[in-house]
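Biologist: I would like to talk through the aromatic rings here, with the reasoning spelled out. Could you show me the model?

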Amino acid sequence: MAEADGLDDWDAVGHLLWAAQLRPEGQLGPGVRVFRHGSATAVVSPALSGRDRIAVDGKEEDALVLVRDEVLAATGPGYRPFGDAELIAALVRGTPGLTAAAGPEFLWMETTAPPSDVPEGVAWLDGRGEKEAATVFDHCFPDSYAQPGRPGTRRWAGAYDPDGAGTLLAVAGDAWSGAGCGFMAGS
């Protein structure tokens, strides 16, 4: 087991890349640390999407040794592992004191293909639109980590009612993105 200087090309699994919070020059984000054991990689990232997180990937037996024996000892219990659901379940079973988080799951989807087109009524929001988005969050998703005006989000896109009523129906934020991996949060 060893702490590493950064990510290798083969570590470019989406959630690991996101947790690394890479800067344009390729440096890890502030406070980010990378650990490896066998096939497993863990990226420790403080204050990522409202939580101190450990992105983990690899074979269950290697990830268990890495997270249980090294990473949690280095970070303390306040960091939350995330990754493939089966892998996280194995970590919970094999790590004394580690419990599955209560509440909604942290869901991860990824793509490397840009959208083919932008639907009618979808656009980046200006200041007025962000105020409307804040109202959507107040009513629909008040516990969201990503909200207009909070740290971590760069800009917001909105989908307006295509029938011309001008009603904001949904929003998505460019939030906690790093070089090589964007992240969308929304309501």
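Modeller: What follows is a short talk about ring pairs in this predicted model.

Biologist: How many aromatic pairs are there by the rule of ring centres within 6.5 Å?

Modeller: The count comes to four aromatic pairs. One of them is formed by Trp18 and Phe82.

Biologist: What makes the pair of Trp18 and Phe82 edge-to-face?

Modeller: The centres are 5.9 Å apart and the planes make an angle of 75°. Edge-to-face needs an angle over 60 degrees, so the pair earns that name.

Biologist: Which parts does this pair tie together?

Modeller: Trp18 lies in helix α1 (residues 14–20) and Phe82 in strand β5 (residues 80–82), so the pair links parts that are 64 residues apart in sequence. Ring pairs also join Trp18, Phe82 and Phe183 into a cluster.

Biologist: Why is Trp18 called buried?

Modeller: Its relative accessibility is 0%, and buried means under 20%, so Trp18 qualifies. Phe82, at 7%, falls under that cut-off too and therefore counts as buried.

Biologist: Why is the pair of Phe137 and Phe141 called stacked?

Modeller: Its planes are 20° apart, with 6.4 Å centre to centre. Stacked means under 30 degrees, so the word fits.

Biologist: Are Phe137 and Phe141 buried or partly exposed?

Modeller: Phe137 is buried, at 0% relative accessibility. Phe141 has a relative accessible area of 36%, between the cut-offs of 20% and 50%, so Phe141 is partly exposed.

Biologist: How do you know that Arg155 lies over the face of Trp124?

Modeller: Arg155 is at 3.6 Å from the ring centre, and the distance cut-off is 6 Å, so that part of the rule is met.

Key:
Residues numbered from 1 in each chain as written. Predicted model: local features only at pLDDT ≥ 70, side-chain atom pairs only at ≥ 80, totals over all residues. Heavy atoms only, no water. Phe/Tyr/Trp six-rings, centres within 6.5 Å; stacked < 30°, edge-to-face > 60°. Helix = DSSP H or I, 4+ residues; strand = E, 2+ residues; numbered from the N terminus. Buried < 20%, exposed > 50% of the residue type's maximum accessible area, 1.4 Å probe, protein only. Lys NZ or Arg CZ within 6 Å of the ring centre and 35° of its normal.
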